Amino acid sequence: MEKTVVELFAGVGGFRCGLNNVVINNNKVIEKGNWHFLWANQWEPATKTQEAYDCYIKRFGKDNVSNIDIFKVNKEEIPTHTLLVGGFPCQDYSVAKTLASSKGIEGKKGVLWWAINEVLKVKKPPFVLLENVDRILISPAKQRGRDFGIILRSFLDNGYAVEWRVINAAEYGHPQKRRRTYIFAYHKSTNYYKKMKNKKLENIVLKNGLFVKQFPIIKDVLNDNKASITKDNYKDLLEVSNNFTTQFYNAGIMLNGKIYTAKVTPINEKIKPLKDIIENKEVASKYFLSEEKLQKFKILKGSKSIPRIKPNGEKYFYSEGSMPYPDNLEAPARTMLTSEGGISRSTHIVEDFITKKIRLLTPLECERINEFPDNWTNTGMSDKKRNFMMGNALVVGVVKKIGQELEKIIEMEN
Ligand SMILES: C[S@@+](CC[C@H](N)C(=O)[O-])C[C@H]1O[C@@H](n2cnc3c(N)ncnc32)[C@H](O)[C@@H]1O
């Protein structure tokens, strides 16, 4: 088995940077790892300009990088690969019977999961590594766990087992409190599957699985739950979509349709505070805040209780607590959103090292919060776009750690 990868929803290449331990040296991109990226796809539906794609090809070259809507890609033409990776959004994964044929079932248009599902069906990659927000485990509010259940059942129908873990990067020594669900699936044809299928599901989650090795947890679980998503319980995806609900916790496994999920607690590593990554030299004046903007941020970040009216006319108070102002340099960064740098409550505000004045983060600092190489997105984009890219991306160091386990798993296949 060769270490080949296909990267979907590639953005500016977070998975590739992590798996291949990428650095920039003398303006040259060096991929220290030896995962061979055969093909990548990145297309931004919301804009005509394609800055993420432009950045990706500037850094990695344009060969085998596609810039078309993934729904329009003929999946047969995707090269055969060992590992499929991608970060995809949390959407509504419910399915309905198609009108045309009472036999067919179909997900909502534009829901990216179905594009991934098609790649699984057509290409059957032995291993899959995906990233999504933590809320994917509990969505939607009116049928908790349905969406993740649909994902698990799709994997099952395609012949895979799935391990997952919600990882808060900051708890494992990375510079951002970004909580994301990482999903690792392996096909039943792999040695890894054959090894895991003889283990107790609890043991995979708590001792032997991929995640627990790099992201250690304390021995006692706070809560756990078992469920089943087999054909005996739910005839097809439609039945899962209509009826499945369960409590998923932050760690779990689905093997052969049986689910075990546990609420686990990380063994915290030494934290990486903001002060370790913010620029220790003079920063351009455009990042400093005028008195007027400072006041706006103060209000946005302060505690408040605002009278509002519900659609049914009922009055209520919208309340929110105060946030650190400026951000605490002794702690890791909070989650970076795509609106980072805009005048909003979530934007980071820091005290400048040199002038002691309050300012926004620079795009370079935003890259460091995600552990990308310095100036990764400095490819002709505006500051706003560079921050947007980082708000969409992932903490590269988390993928790097997962990659170390994947290396061992692939070795076992050969
Ligand atoms: C959450 S981001 C992934 C970011 C990436 N992991 C990174 O490190 O930059 C999802 C990406 O999917 C892309 N995307 C959205 N819809 C798409 C579609 N229909 N076809 C291809 N790419 C799409 C978006 O432009 C965005 O860059």
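**Close-up views of the cavities, the largest pocket and the ligand**

**Figure 1. Residues around the largest cavity.** Lining the largest cavity are Glu163, Trp164, Arg165, Ile204, Val205, Gly209, Leu210, Phe211, Val212, Ala251 and Gly252. The model shown here and in the other views is a predicted one. The volume of the largest cavity is about 70 Å³. Two strands and two helices each contribute at least two residues to the lining of this cavity: strand S10 (160-168), helix H6 (201-208), helix H7 (210-214) and strand S13 (251-255). Sorted by class, the lining of the largest cavity comprises seven nonpolar, two polar and two charged residues.

**Figure 2. Residues around the second largest cavity.** The structure contains two cavities of 30 Å³ or more. The second largest cavity has a volume of about 40 Å³, and its lining is formed by Ile167, Ala169, Arg178, Arg180, Tyr182, Val395 and Val398. Five of these lining residues are nonpolar and two are charged, while no polar residue takes part.

**Figure 3. The largest pocket and its lining.** The largest pocket encloses about 1000 Å³ of space. It is lined by 45 residues, and those closest to its centre are Phe9, Glu44, Gly87, Pro89 and Asn392. Two or more lining residues come from each of helix H1 (14-19), helix H2 (51-60), strand S9 (127-133) and helix H11 (383-392). Helix H11 makes the greatest contribution to the lining of the largest pocket, with five residues. By class, the lining of this pocket consists of 22 nonpolar, 14 polar and nine charged residues.

**Figure 4. The ligand and the residues that surround it.** The ligand occupies the space of the largest pocket. Its shell is made up of 17 residues, of which Gly14, Gln42, Trp43, Glu44 and Asp69 are the closest. The residues of this shell comprise eight nonpolar, seven polar and two charged ones.

**Figure 5. Polar atoms of the protein beside the ligand.** An oxygen atom of the ligand lies 2.9 Å from a backbone N or O atom of Gly14. For Trp43, a backbone N or O atom is found 2.9 Å from a nitrogen atom of the ligand. Asp69 approaches through its side chain, in which an N or O atom is 2.8 Å from a nitrogen atom of the ligand. The ligand taken alone exposes 610 Å², and 90% of that area is buried by the protein.

Key: Residues are numbered from 1 along each chain as its sequence is written. This is a predicted model: local features need pLDDT of at least 70, side-chain atom pairs count only at pLDDT 80 or more; totals for chains, interfaces and linings use all residues. Side-chain values use heavy atoms; hydrogens and water are left out. A residue is near a molecule or strand if one of its heavy atoms lies within 4 Å of it. A polar contact is a pair of N or O atoms within 3.5 Å; within protein, one must be able to donate a hydrogen and the other to accept it, and residues adjacent in sequence count only if both atoms are side-chain atoms. Accessible areas come from the Shrake-Rupley method with a 1.4 Å probe; for residues, only the protein chains shown count as cover. On a 1 Å grid over the protein atoms alone, a cavity is a set of points where a 1.4 Å probe fits but cannot get out, and a pocket is an open set with protein on both sides within 12 Å along at least five of seven lines; lining residues have an atom within 4 Å of a point. A molecule sits in a cavity or pocket if more than half of its atoms lie within 2 Å of its grid points. Ala, Val, Leu, Ile, Met, Phe, Trp, Tyr, Cys and Pro count as nonpolar, Asp, Glu, Lys and Arg as charged, and the others, Gly among them, as polar. Grid points are joined across faces, edges and corners, and a volume is the space filled by probe spheres set on the points. Helices (H or I, at least four residues) and strands (E, at least two) are DSSP runs, numbered from the N terminus.
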